[in-house]
Amino acid sequence: MTETRQHPEPDHPLLRLGRAYVSYFTPTVTGAQHVPASGPAVIVGNHSSIYWAPEVWITFMTMLDRRPDEPSFGLAHEILLRTPFLGDSMRGVGALPASRELATTGLKDGGAVLAYPGGDWEACRPWSQRDRIDFAGRKGFVRLALELGVPVIPAVANGGHDSVFVVSRGDRTARLLRLDKLLRAKVFPYTAGLPFGVAPIVPQFPLPATVQVSFLPPLDWSTQPGDPENPAVVDACYRDAVDTMQAELDRLRAETPHPVATGIKRHLAGLPGPLSNLAGAVPV
């Protein structure tokens, strides 16, 4: 697929907008050196905060910065790619419809492919589960990496799910509305916040939680031969990926236990003159 060899311009309007957007979440990135500067790789992340998803933008733009002359792609839900104007812009910076076929093509073209196995299920998990990795048993990224022999680099994010109060995934509502058949969606989330109070699906204003993204070294099993058709091998690799990412998320949350307070403090510290002293009044 020849379009996978194209590279987005650094000043693409969507990338400029994305960089301005993530600044609201005062992001920090560590371990970017683990993203290969060239060649294929699967970057696997944990998904948060429904449609706001700052970790996706932070992770993908780090990939672009690390690989300015090499292709990078992000797998996206078809709902986003069908959205007028937004869909075309996303395709223009490297978004591909989430499918095994297109992920395989991107990797064979030497690209780094960003995948969020948990998808909407993880992104819409209740706020009380914000400290959990939940890939819902989806192991396609493991089989793909084993089949093609490409490294898997975890990109673990903390803080994004603190910014939106998800009351419920609304999976029962989604089944009643047959969203799985109509939109390939298993959720119809209910949130609490401003300006809508408790409401389904509508975008609530996100809190300015600081978002951390930590890239880890390639998972050991992804740098060694493996059998993608062996269920025991796939299960073991999947469990290792989830356990490794959960351990890193636990570490990040111990380091920054209150992402919203940390984000507010950072914003106040950036105010001009004496106003920056207000940051000292915010406990973290």
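**Exercise 1. The partner of Thr191**

Task: Determine which residue of S9 stands opposite Thr191, and describe how S8 is joined to S9.

Solution. Step 1. The residue opposite Thr191 is Ala199, in strand S9. Strands here are DSSP runs of E with at least two residues, while helices are runs of H or I with at least four residues; both are numbered from the N terminus. The structure is a predicted model, in which local features need pLDDT of at least 70 and side-chain atom pairs count only at pLDDT 80 or more, whereas totals for chains, interfaces and linings use all residues. Residues are numbered from 1 along each chain as its sequence is written, and side-chain values use heavy atoms, with hydrogens and water left out.

Step 2. S8 and S9 (residues 197–200) run antiparallel and are joined by four bridges. Two strands count as paired if DSSP finds at least two bridges between them.

Step 3. The connection from S8 to S9 is a hairpin of three residues.

**Exercise 2. The sheet around S8**

Task: State in what order the three strands of the open sheet lie, and which of them are edge strands.

Solution. Step 1. The order is S7-S8-S9, with antiparallel pairing. S7 and S9 are the edge strands, since each pairs on one side only. From one strand to the next, the twist averages 30°.

Step 2. S7 (residues 165–168) pairs with S8 (residues 190–193) over three bridges, in the antiparallel sense. Within this pairing, Ala192 of S8 is the bridge partner of Phe165.

**Exercise 3. The surroundings of Phe165**

Task: Locate Phe165, and decide whether Phe165 is buried, partly exposed or exposed.

Solution. Step 1. Phe165 belongs to strand S7.

Step 2. The relative accessible area of Phe165 is 35%, so this residue is partly exposed. Buried means under 20% relative accessible area, exposed means over 50%, and partly exposed lies in between (1.4 Å probe, protein chains only).

Step 3. Setting aside neighbours within four places in sequence, Phe165 is in contact (heavy atoms within 4.5 Å) with Trp127, Tyr190, Thr191, Ala192 and Leu207. The C-alpha atoms of Phe165 and Arg130 are 9.6 Å apart in space, while the two residues are 35 apart in sequence.

**Exercise 4. Strand S3 and its partners**

Task: Establish how many residues of S3 are buried, and name the strands with which S3 pairs.

Solution. Step 1. Of the five residues of S3 (residues 72–76), four are buried, so the strand is largely enclosed by the rest of the structure.

Step 2. S3 runs parallel to S5 (residues 112–115), to which three bridges join it; Ser72 stands opposite Ala112.

Step 3. S3 also pairs with S4 (residues 95–97) in the parallel sense, over three bridges, and Gly74 faces Ala95 there.

**Exercise 5. Two helix crossings**

Task: Describe the packing of H1 with H2 and of H7 with H10.

Solution. Step 1. Two packed helices are described by the angle between their axes and the distance between the axes. The axes are lines fitted to C-alpha atoms, for helices over the stretch in contact, and angles run from 0 to 180 degrees between N-to-C directions.

Step 2. H1 (residues 13–23) and H2 (residues 54–66) have axes that come within 10 Å and cross at roughly 125°. H1 is therefore oblique to H2: angles under 35 degrees count as roughly parallel, over 145 as roughly antiparallel, 65 to 115 as roughly perpendicular and the rest as oblique. Residues in this contact include Leu14 and Arg19 of H1, and Trp57 and Asp65 of H2. By class, the contact of H1 with H2 has nine nonpolar, one polar and two charged residues. Ala, Val, Leu, Ile, Met, Phe, Trp, Tyr, Cys and Pro count as nonpolar, Asp, Glu, Lys and Arg as charged, and the others, Gly among them, as polar.

Step 3. H7 (residues 140–148) packs against H10 at an angle of about 115°, with the axes 9 Å apart. This makes H7 roughly perpendicular to H10. Phe141, Val142, Arg143 and Leu146 of H7 meet Val233, Val234, Cys237, Tyr238 and Ala241 of H10. By class, this contact has eight nonpolar, no polar and one charged residues.

**Exercise 6. The buried part of H11**

Task: List which residues of H11 are buried, and name elements that cover them.

Solution. Step 1. In H11 (residues 259–269), the buried residues are Pro259, Val260, Ala261, Thr262 and Gly263.

Step 2. Their cover includes strand S6 (152–158) and helix H10 (231–255).
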